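This report describes the fold, packing and selected residues of a single protein model. The sequence and structure are shown first, and the discussion follows.

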Amino acid sequence: MQVVQLLVSPVHRFSGRPAQGPSADPVGGLVQQIRVRRHLGIVGDRYFAQRAHRDAAVTIMAEENLPTSIDPAVDLQKTRRNILLRGIDIDAYVDWTVELDTGDGPIAFAVNRAARPCAWMDTLIGPGAQRTLRGKGGVRCTPLSDGVLRVGRASFQVVGPREWR
């Protein structure tokens with residue numbers, strides 16, 4: 001299993017109508033490591049410590065579900081998910097608690113619900129991307145522990161049914 005990409009986005013790029021195009025991202029977003037805080041999210045991300053996003057502070061997606069048939073270069077900068085995994089069908093773990101560990105200790109996540117793709121996917125990735133991502137656009141999670149995740153080899157463990165610690 002591998003963490004392929006990590007994205008921290010301090011601004012919300014998808015506001016308004018897709019035809020207007022996304023807002024600029026001042027830092028690009030892709031990073032080699034992220035710091036995760038229990039119940040708050042990813043330090044520096046637009047959803048960090050936002051009460052309205054408490055159950056969706058971190059979004060995890062499987063690389064295998066990227067619509068590469070529409071855009072071979074699609075990545076987290078286009079899908080705006082935070083963590084891209086290779087080798088795990090993360091969409092199958094809704095209502096479970098899972099742990100990711102890239103060498104600095106495990107970080108637990110409550111996998112709360114599917115991340116539903118929006119119309120922006122057709123604009124940023126290509127026509128048909130929103131439909132292609134239905135049911136496999138990743139999952140919205142709450143971090144249940146503090147820690148650091150890095151790009152590279154990782155371990156994945158199912159802890160049990162989703163719980164709030």
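## A loop residue and its surroundings

Where does Asn65 lie? Asn65 is placed in the loop between E5 and helix H1 (76-79). The model is predicted, and in it Asn65 has a relative accessible area of 15%. Because the limit for a buried residue is under 20%, Asn65 counts as buried. Apart from neighbours within four places in sequence, Asn65 is in contact with Asp89, Asp91, Leu133 and Lys136.

One of these partners, Leu133, also belongs to a separate nonpolar core, which is described below.

## Overall composition

The protein has 3 helices and 12 strands. Of its 165 residues, 50% are buried. The exposed surface amounts to about 7900 Å², and carbon and sulfur atoms supply 46% of that area.

Contacts that span long stretches of sequence are also quantified. Among contacts between residues at least 6 apart in sequence, 72% join residues at least 24 apart.

## Nonpolar cores

In soluble globular proteins, nonpolar side chains tend to be buried together. The largest nonpolar core here holds 24 residues, of which Ile34, Ile60, Ile83, Leu100 and Phe109 touch the most other members. Two or more residues each are contributed to this core by strand E1 (2-7), strand E3 (33-37), strand E5 (58-62), strand E6 (83-86), E7, E8 and strand E9 (139-143). A second, separate core consists of 13 residues, including Val4, Val74, Ala129 and Leu133.

Ile83 illustrates the packing in the largest core. Residues up to four places away in sequence aside, Ile83 touches Val3, Gln5, Leu6, Ile34, Val58, Thr59, Ile60, Met61, Leu76, Leu100, Phe109 and Leu149. Among these partners are Ile34, Ile60, Leu100 and Phe109, which are likewise named with Ile83 as the core members touching the most others.

## The enclosed strand E9

How many of the residues of E9 are buried? The count is 5 of the 5, so E9 is largely enclosed by the rest of the structure. In a regular strand the side chains alternate between the two faces of the sheet. In E9, Val139, Cys141 and Pro143 are buried on one side, and Arg140 and Thr142 are buried on the other, so that both faces are covered. Cys141 itself has a relative accessibility of 0%.

E9 has antiparallel pairings with E5 and with E8. The pairing of E5 with E9 runs over 3 bridges, and Thr59 stands opposite Arg140 there. The pairing of E8 with E9 runs over 5 bridges, with Ala110 opposite Thr142.

## An open sheet of three strands

Strands of a sheet pair through backbone hydrogen bonds, either parallel or antiparallel. Here, 3 strands form an open sheet in the order E4-E3-E10, and their pairing is antiparallel. Strand E4 (41-42) and strand E10 (147-150) stand at the edges; each has a single partner strand, so one side of each lacks a neighbour in the sheet.

The E3 and E4 pairing comprises 2 bridges. Arg37 has Gly41 in E4 as its bridge partner.

## Buried polar residues

Thr102 is located in the loop between strand E7 (96-101) and strand E8 (107-114). Its relative accessible area is 14%, which classes Thr102 as buried. Leaving out residues up to four places away in sequence, Thr102 touches Val3, Val148, Leu149, Arg150, Arg153 and Ala154. A polar atom of the Thr102 side chain lies 2.9 Å from the backbone nitrogen of Arg150. The C-alpha atoms of Thr102 and Met1 are 9.9 Å apart, although 101 residues separate the two along the chain.

Asn112 is placed in strand E8. Asn112 is also buried, at 8% relative accessibility. A polar atom of the Asn112 side chain lies 2.7 Å from the backbone oxygen of Asp55.

## Cysteines

How many disulfides does the structure hold? The number is 0. Cys118 is partly exposed, with a relative accessible area of 30%, whereas Cys141 is buried at 0%.

Note on methods
Residues are numbered from 1 along each chain as its sequence is written. This is a predicted model: local features need pLDDT of at least 70, side-chain atom pairs count only at pLDDT 80 or more; totals for chains, interfaces and linings use all residues. Side-chain values use heavy atoms; hydrogens and water are left out. Helices (H or I, at least four residues) and strands (E, at least two) are DSSP runs, numbered from the N terminus. Buried means under 20% relative accessible area, exposed over 50%, partly exposed in between (1.4 Å probe, protein chains only). Contact means heavy atoms within 4.5 Å. A polar contact is a pair of N or O atoms within 3.5 Å; within protein, one must be able to donate a hydrogen and the other to accept it, and residues adjacent in sequence count only if both atoms are side-chain atoms. A nonpolar core is a set of buried Ala, Val, Leu, Ile, Met, Phe, Trp, Tyr and Cys residues joined through side-chain atoms within 4.5 Å. Two strands pair if DSSP finds at least two bridges between them. A disulfide is a pair of cysteine sulfur atoms within 2.5 Å. Accessible areas come from the Shrake-Rupley method with a 1.4 Å probe; for residues, only the protein chains shown count as cover.
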